[in-house]
Amino acid sequence: ISQTFVSWDWVAGGAASSNTDGSITSSVSANTTAGFSIVTYTGNSTAGATVGHGLGVVPSVVLVKSRGGSYGWGMYHHKNTSAPETDYLSINNSDATVDDVNFWNDTAPTSSVFSLGGTDAINKTSNSHVAYCFAEKKGYSKFGQYEGNANADGTFVYTGFLPAWFMVQNIDA
């Protein structure tokens, strides 16, 4: 079977170091200047568990993927809904936003940790998980939302800079 793949590759801050900010010890490689960290941790299936992200500021986006099993990506986005900590997006399918306490435990990220619900997709006991955390940095990254207008010209989205990469996920359908 012929298939097409995409690869998004990032380097954060070099070798990972141990982070004990959360209730689960994580390994973090962070580039605070760029507002980006790569986090790995082992799940414990405990709702309310927290994981240190190493950014020193509240992340705008957190993408989490279990490295074991066939679970999809869970995405926290600070502009997803009026209460984004109660919802998640799946970037590997076309599902709309889902309201589910089992993802982020209905708790917004802080400047040091993000919270986990008990779902196996992001917190299965003994499974390794990876998280990509992004904080907005002026002139470097922008995270927002817009409503489409059904015009051929589309909706104008101001970022303040010329982006090298632009990702869109429909949250309504």
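In this predicted model, Phe103 is buried, its relative accessible area being 6%. The ring of Phe103 pairs with that of Tyr88, and because their centres lie 3.6 Å apart and their planes meet at 15°, the pair is classed as stacked, planes under 30 degrees apart being the condition for that class. Phe103 belongs to helix H1 (residues 101–104), whereas Tyr88 belongs to strand E7 (residues 87–88), so that the contact links distant parts of the chain, 15 residues apart. Tyr88 is likewise buried, with a relative accessible area of 15%, a value under the 20% that sets the limit for burial.

The count of aromatic pairs comes to 14. Another of these pairs is formed by Trp10 and Tyr132, whose ring centres are 5.6 Å apart and whose planes stand at 55°, so the pair is described as tilted. Here too distant parts of the chain are linked, since Trp10 lies in the segment before E1 and Tyr132 in strand E10 (residues 128–134), with the two positions 122 residues apart in the numbering. Trp10 counts as partly exposed, because its relative accessibility is 30%. Both residues also take part in a cluster, linked by ring pairs, that contains Trp8, Trp10, Phe36, Trp73, Tyr132, Phe134, Phe143 and Trp165.

Strand E10 is one member of an open sheet of six strands, which are arranged in the order E1-E2-E3-E10-E5-E6 with antiparallel pairing. Strand E1 (17–19) and strand E6 form the edges of this sheet, and because each has a single partner strand, one side of each is left without a neighbour in the sheet. On average, and with direction ignored, neighbouring strands are turned by 25° against each other. Within the sheet, strand E2 (residues 26–31) and strand E3 (residues 36–42) run antiparallel and are joined by six bridges, with Ser26 standing opposite Tyr41 in E3.

The largest pocket encloses about 1100 Å³ of space. It is lined by 39 residues, of which Lys142, Phe143, Gly144, Phe166 and Met167 are the closest to its centre. This lining comprises 24 nonpolar, eleven polar and four charged residues, and at least two residues of it are supplied by each of strand E5 (61–66) and strand E6 (74–77). The second largest pocket has a volume of about 180 Å³, and its lining consists of Val6, Ser7, Trp8, Asp9, Trp10, Leu63, Trp73, Ile91, Asn92 and Tyr132. Seven nonpolar residues, two polar residues and one charged residue make up the lining of this second pocket.

Note on methods
Residues are numbered from 1 along each chain as its sequence is written. This is a predicted model: local features need pLDDT of at least 70, side-chain atom pairs count only at pLDDT 80 or more; totals for chains, interfaces and linings use all residues. Side-chain values use heavy atoms; hydrogens and water are left out. On a 1 Å grid over the protein atoms alone, a cavity is a set of points where a 1.4 Å probe fits but cannot get out, and a pocket is an open set with protein on both sides within 12 Å along at least five of seven lines; lining residues have an atom within 4 Å of a point. Grid points are joined across faces, edges and corners, and a volume is the space filled by probe spheres set on the points. Helices (H or I, at least four residues) and strands (E, at least two) are DSSP runs, numbered from the N terminus. Ala, Val, Leu, Ile, Met, Phe, Trp, Tyr, Cys and Pro count as nonpolar, Asp, Glu, Lys and Arg as charged, and the others, Gly among them, as polar. Two strands pair if DSSP finds at least two bridges between them. Axes are lines fitted to C-alpha atoms, for helices over the stretch in contact, and angles run from 0 to 180 degrees between N-to-C directions. Rings of Phe, Tyr and Trp (its six-membered ring) pair if their centres lie within 6.5 Å; planes under 30 degrees apart count as stacked, over 60 as edge-to-face and the rest as tilted. Buried means under 20% relative accessible area, exposed over 50%, partly exposed in between (1.4 Å probe, protein chains only).
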